[in-house]
Amino acid sequence: MSDNGVKDFVFRVRRFDPVEDKAPHYQDFKVPVGPGWTILEGLWYIKENLDSSLSWRSSCRMGVCGSCGMLVNGSATLACNTQVRDVATDVLMLAPLPNFDIIRDLVPDLAPMFDKHTHLMPHIKRDDTEEMLEPTDQYWQTPEELEQFLQFSYCIKCGCCMAACPTFASDAKFSGPMPLAQGYRYLIDSRDDAFRQRKELLGSGGVGPWRCHYAGECSKVCPKGVDPARAIQFMKRELVLDYLRLSKAAKRKPAPLLPAEKRQGRRDDIPEAPPFTVEGAS
Ligand code: FES
């Protein structure tokens, strides 16, 4: 290690060019890693100094957008949220997330995951369409009702859970942990009014929670602590309760608008939004 704390690491990166290569191969890059460097910073070093053709996905650099998921030393994680020295002493193995086709190098094709996500209706669905499109007020949800799904709403759709799931690895039709956890997040949301429709979607084609073997790997790798395995087990419980006609979620009326006596108006200590800097913007 040099005086300024820089240490050389080998980044062993799985490369694949769909036009040039018949099969993926590994390539080594020597990267001088400074103190606190994330894997993403190492990748940028390679791109700017060693090989500009190296491809990966990233955007926010702060564990929010979910685009930089990759396999680091055999475990799915976010490149921007992982420091090199926390996971390697000399050699760092990088590969694209498994269980997806590879577009190029470290870029997986996540489209099938988002198709499954969309299929399970990841949004609130209820009959008062006019209110949904032109809201006049907020729906009345208690803190306890919020707690039921809050943890699962922290998902950033990075795909790490899908890459770690042994069931999804052997059964491409299985919805997988991310779509199912998000399906449960809306199934249990007191503002939603589509329990029956959601139940039907979960049962159709045998893709739903019953295919989960509860390996728990999804929750181990989740960089946001969402715990998809927990959501899936809760989802199974809710469906069994519904079969026994005991599910509260299946019987509930969707949350109403906030009653007039609960309205507090605008708080005085919150300043008005500043005027738009661009004329005509709204
Ligand atoms: S770059 Fe956005 S989560 Fe890593």
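**Stop 1: threonine 38**

Select threonine 38 and show what surrounds it. Leaving out residues up to four places away in sequence, threonine 38 touches Ala79, Cys80, Thr82, Gln83 and Val84. Keep in mind that this is a predicted model. Where along the chain does threonine 38 lie? Its place is the loop between E2 and helix H1 (39-49). Is threonine 38 buried or exposed? Its relative accessibility is 15%. The cut-off for buried is under 20%, so threonine 38 counts as buried.

**Stop 2: proline 32**

Step back to proline 32. This residue belongs to strand E2 (residues 25-33). Its relative accessible area is 23%, so proline 32 is partly exposed. Now display its partners. Apart from neighbours within four places in sequence, proline 32 is in contact with Val6, Lys7, Asp8, Trp37 and Tyr45.

Draw a distance line from proline 32 to phenylalanine 114. How many Å lie between their C-alpha atoms? The answer is 36 Å, for two residues 82 positions apart in sequence.

**Stop 3: tyrosine 26**

Stay in strand E2 and select tyrosine 26. Tyrosine 26 has a relative accessible area of 41%, which means partly exposed. Which residues does it touch, once neighbours within four places are set aside? They are Arg12, Val13, Arg14, Met93, Leu94 and Ala95.

Next, draw a line to proline 96. Tyrosine 26 and proline 96 are 70 residues apart along the chain, and 12 Å separate their C-alpha atoms.

**Stop 4: phenylalanine 11 and the core**

Select phenylalanine 11. Setting aside neighbours within four places in sequence, its contacts include Gln27, Asp28, Phe29, Val31 and Val33. Ile39, Gly42, Leu43 and Ile46 are also among them. Val84, Leu92 and Leu94 are in contact with phenylalanine 11 too.

Now select Phe11, Ile39, Leu43, Met70, Leu92 and Leu94 together. What do they share? They touch the most other members of the largest nonpolar core, which has 66 residues. Domain 1 (7-108) and domain 2 (111-260) both contribute residues to this core, so the core lies between them. In soluble globular proteins, nonpolar side chains tend to be buried together.

**Stop 5: the two domains**

Colour residues 7-108 one way and residues 111-260 another. You now see domain 1 and domain 2 of the protein chain. Their centres, taken over C-alpha atoms, are 31 Å apart. How many residues does each domain give to the contact? Domain 1 gives 13 and domain 2 gives 14.

**Stop 6: aspartate 115**

Move to helix H3 (residues 111-119) and pick aspartate 115. Buried or exposed? With a relative accessible area of 55%, aspartate 115 is exposed. Then draw a line to valine 84. The two residues are 31 apart along the chain, and their C-alpha atoms are separated by 33 Å.

**Stop 7: two positive phi angles**

Most residues other than glycine have a negative phi. Here are two with a positive value.

Select aspartate 105. Its phi is near 40°, and the residue is not a glycine. Look for aspartate 105 in the loop between strand E6 (102-104) and strand E7 (107-108). How much of it is accessible? Its relative accessible area is 2%, so aspartate 105 is buried.

Then select lysine 157. Lysine 157 has a positive phi of about 55°. This residue is in the loop between helix H5 (143-150) and helix H6 (160-164). At 22% relative accessibility, lysine 157 counts as partly exposed.

**Last stop: the whole chain**

Zoom out and show the cartoon. How many helices and strands are there? The protein chain has 12 helices and seven strands. Its C-alpha trace spans about 65 × 50 × 35 Å along the principal axes.

Switch on the surface. The accessible surface comes to about 15,900 Å², and carbon and sulfur atoms account for 52% of that. Of the 282 residues, 43% count as buried.

Show the contacts with a separation of 6 or more. In 66% of these, the residues are 24 or more positions apart.

Finally, colour by charge. The protein chain carries 36 positive and 38 negative charges, and the mean positions of the two sets are 6 Å apart.

Definitions and conventions
Residues are numbered from 1 along each chain as its sequence is written. This is a predicted model: local features need pLDDT of at least 70, side-chain atom pairs count only at pLDDT 80 or more; totals for chains, interfaces and linings use all residues. Side-chain values use heavy atoms; hydrogens and water are left out. Helices (H or I, at least four residues) and strands (E, at least two) are DSSP runs, numbered from the N terminus. Buried means under 20% relative accessible area, exposed over 50%, partly exposed in between (1.4 Å probe, protein chains only). Contact means heavy atoms within 4.5 Å. Accessible areas come from the Shrake-Rupley method with a 1.4 Å probe; for residues, only the protein chains shown count as cover. Lys and Arg count as positive and Asp and Glu as negative; His and the chain ends are not counted. The place of a charge is taken as NZ of Lys, CZ of Arg, CG of Asp or CD of Glu. A nonpolar core is a set of buried Ala, Val, Leu, Ile, Met, Phe, Trp, Tyr and Cys residues joined through side-chain atoms within 4.5 Å. Domain bounds come from an automatic or database domain assignment.
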